[in-house]
Amino acid sequence: MEEIRKVIETRAALMEKGDVEGIIAHYAPQIVEFNLAPPLRQPAEMDPAALRAWMSTFEAPPRRQVTQLEITTDGDVAFATSIDNLSATPRGSSESFSLWYRVTVGLRRADGRWLITHEHESVPFEMDGSFRASVTLEP
């Protein structure tokens with residue numbers, strides 16, 4: 001489980017450095033990805049240009065903090081859940097933001113390395129009929 005923890009925490013540290021290639025190296029060639037941004041399902045391959053373009057929308061690379069990480073393994077398959085925090089300052093803004101969201105990651109060991117094969121990120125939404133994202137929640 002320590003190897004999987006290292007994959008997840010290293011990926012977060014690489015985001016803060018803006019290391020797109022380093023982040024992508026932790027993913028399998030074909031993945032299932034449901035992240036916070038549209039569309040409902042991302043393409044089956046990690047696109048370094050898309051990740052680089054997203055990161056360029058901030059004054060500096062965003063900071064990702066992984067908390068409440070729980071890992072379950074069975075042979076060469078594992079999944080991990082966490083509550084993560086993304087904080088950054090949008091380009092052209094003097095105001096930063098901080099957003100807590102839920103993450104589930106599926107991994108598979110291939111050639112002795114744990115690679116991410118599935119990632120799902122979500123933000124809860126209000127069930128009062130407004131359907132507003134609950135972006136002010138904190139763990």
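This passage describes the sheet, the nonpolar core and a few individual residues of the structure shown above. The model is predicted, so that local features need pLDDT of at least 70 and side-chain atom pairs count only at pLDDT 80 or more, while totals for chains, interfaces and linings use all residues. Residues are numbered from 1 along each chain as its sequence is written, and side-chain values use heavy atoms, with hydrogens and water left out.

We can begin with the sheet. Five strands (strands being DSSP E runs of at least two residues, and helices H or I runs of at least four, numbered from the N terminus) form an open sheet with mixed pairing, in the order β1-β5-β4-β3-β2. Two strands are taken to pair if DSSP finds at least two bridges between them. The edges are held by β1 and β2, each with a single partner strand, so one side of each has no neighbour in the sheet. On average, neighbouring strands are turned by 20° against each other, direction ignored. Between the antiparallel strands β4 and β5 there are nine bridges, and L107 has I116 in β5 as its bridge partner. Helix α1 lies across β1, β2, β3, β4 and β5 and runs at about 160° to β2; here axes are lines fitted to C-alpha atoms, for helices over the stretch in contact, and angles run from 0 to 180 degrees between N-to-C directions.

Next comes the core. A nonpolar core is a set of buried Ala, Val, Leu, Ile, Met, Phe, Trp, Tyr and Cys residues joined through side-chain atoms within 4.5 Å. Buried means under 20% relative accessible area, exposed over 50% and partly exposed in between, with a 1.4 Å probe and protein chains only. The largest such core has 27 residues, of which I4, I23, Y27, L51, L107, W114 and I116 touch the most other members. Elements giving two or more residues to this core include α1 (2–17), α3 (48–55) and β4 (97–110). Beyond its neighbours within four places in sequence, I4 is in contact (heavy atoms within 4.5 Å) with I71, T73, A78, L107 and W114.

Some single residues round off the picture. L86 sits in strand β3 and counts as buried because its relative accessibility is 8%. Leaving aside neighbours within four places in sequence, the contacts of L86 include M15, W54, F97 and Y101. P62, another of these contacts, is 24 residues from L86 in sequence and 6.6 Å away, C-alpha to C-alpha. Two residues that are not glycines have positive phi: Q68, at about 50°, lies in strand β2, and F131, at about 60°, is in the segment after β5. F131 counts as exposed, with 58% relative accessibility.
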